[in-house]
Amino acid sequence: MVQVLSMLWRKILRKRWVLGIVFGLSLIYFLTSTFKQEEKTIRDRTLLQTRDQEQNIQWKIQFNLGNSSRLSNQCRNSVQGKLLITDDLGYVCERKELLANGCCNTNVASTRQYNCESCLPNGCCSVYEYCVSCCLQPNKQHILERFLKRAAMGFQNLFMAVEDHFELCLAKCRTSSQSVQHENTYRNPVAKFCYGESPPELLPM
């Protein structure tokens with residue numbers, strides 16, 4: 001019985017139409033597998049492109065140099081200074097000269113706008129309020145725009161929430177990982193508040 005079936009199977013295989021069917025099924029399997037692999041590759045490529053687009057952060061920063069978005073009689077300010085305050089018009093004043101509306105009193109001789117006192121040519125300052133005031137100068141806009149374009153991803157996440165020139169200067173002048181070395185030592189203990197593109201100059205130990 002087994003021999004009969006074996007002989008019958010060999011006879012069937014000798015027929016060309018059987019070989020054609022086997023070849024056809026093999027070809028269909030090959031094409032189906034290739035199509036599925038190509039479909040998976042396209043899907044993966046699309047997913048990667050979508051992720052890349054998501055990583056291209058759309059900056060909220062608007063350089064409203066005239067502060068048109070704020071109430072004309074109100075100012076935001078740097079808030080935390082014990083001695084000095086900087087308002088969103090770029091004025092620095094003593095805390096005691098801060099008006100009830102949050103603006104510096106410009107009728108006081110010591111109040112100065114765009115004050116870069118204590119700031120070095122590289123944009124690093126020893127006083128936070130002077131850093132913010134100097135950063136608010138209209139001619140510093142191109143420096144800030146260049147910084148935002150070149151910022152590493154970690155810093156993009158840090159600055160993506162700022163909405164105008166004043167908020168950017170507040171954030172930029174705060175010390176960050178750029179200001180320190182070995183995690184706990186300031187690169188420049190004197191001028192550690194920077195609005196410029198580069199971190200503070202590294203002083204020798």
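Begin with helices H4 and H6, which are roughly perpendicular to each other, in what is a predicted model. Select residues 141-150 for H4 and residues 165-173 for H6; the two axes come within 12 Å and cross at roughly 65°. An angle of 65 to 115 degrees counts as roughly perpendicular, and therefore this pair receives that description. Viewed along the line between them, H4 and H6 make a left-handed crossing.

Next, display the side chains where these helices touch. On the H4 side, select Leu144, Phe147 and Leu148; on the H6 side, select His165, Leu168, Cys169 and Lys172, which they meet. This contact of H4 with H6 comprises 5 nonpolar residues, 1 polar residue and 1 charged residue.

**Helix H3**

Keep H6 in view and add residues 128-135, which form helix H3. Is H3 buried or exposed? Of its 8 residues, 8 are buried, so H3 is largely enclosed by the rest of the structure. The buried residues to select are Tyr128, Glu129, Tyr130, Cys131, Val132, Ser133, Cys134 and Cys135.

Now look at how H3 lies against H6. The axes of H3 and H6 are 9 Å apart, and the helices pack at an angle of about 140°. H3 and H6 are therefore oblique to each other, and H3 passes H6 in a right-handed crossing. To see the contact itself, select Tyr128, Cys131, Val132 and Cys135 in H3 together with His165, Phe166, Cys169, Leu170 and Cys173 in H6. Here the residues divide into 8 nonpolar, 1 polar and no charged.

His165 and Cys169 deserve a second selection. In H6, both are met by residues of H4, and both are also met by residues of H3.

**The salt bridges around Arg76**

Leave the helix contacts and turn to charged side chains. How many salt bridges does a search of the whole structure find? The search finds 5. Select Arg76, Asp88, Asp164 and Glu167, which are linked in a network of salt bridges.

Within this network, look at Arg76 and Asp88, whose side chains meet in a salt bridge of 3.3 Å from N to O. Asp88 lies in the loop between strand E1 (84-86) and strand E2 (91-94), whereas Arg76 lies in the loop between helix H2 (16-55) and E1, so the pair ties together parts that are 12 residues apart in sequence. Asp88 is buried, with a relative accessible area of 2%, while Arg76 counts as partly exposed at 28%.

Then move to Asp164, which also forms a salt bridge with Arg76; the closest N and O atoms of this pair are 2.7 Å apart. Which parts does the pair tie together? Asp164 is in the loop between helix H5 (153-159) and H6, and Arg76 is in the loop between H2 and E1, so the bridge joins parts that are 88 residues apart in sequence. Asp164 counts as buried, at 6% relative accessibility.

**A last stop at Lys96**

Finally, select Lys96 and Glu94. Their side chains meet in a salt bridge, with 3.5 Å from N to O. Lys96 is exposed, with a relative accessible area of 65%, and Glu94 counts as partly exposed at 32% relative accessibility.

Key
Residues are numbered from 1 along each chain as its sequence is written. This is a predicted model: local features need pLDDT of at least 70, side-chain atom pairs count only at pLDDT 80 or more; totals for chains, interfaces and linings use all residues. Side-chain values use heavy atoms; hydrogens and water are left out. Axes are lines fitted to C-alpha atoms, for helices over the stretch in contact, and angles run from 0 to 180 degrees between N-to-C directions. Helices (H or I, at least four residues) and strands (E, at least two) are DSSP runs, numbered from the N terminus. Angles under 35 degrees count as roughly parallel, over 145 as roughly antiparallel, 65 to 115 as roughly perpendicular and the rest as oblique. A crossing is left-handed if the near helix is turned anticlockwise from the far one by less than a right angle, and right-handed if clockwise. Contact means heavy atoms within 4.5 Å. Ala, Val, Leu, Ile, Met, Phe, Trp, Tyr, Cys and Pro count as nonpolar, Asp, Glu, Lys and Arg as charged, and the others, Gly among them, as polar. A salt bridge is a side-chain nitrogen of Lys or Arg within 4 Å of a carboxyl oxygen of Asp or Glu. Buried means under 20% relative accessible area, exposed over 50%, partly exposed in between (1.4 Å probe, protein chains only).
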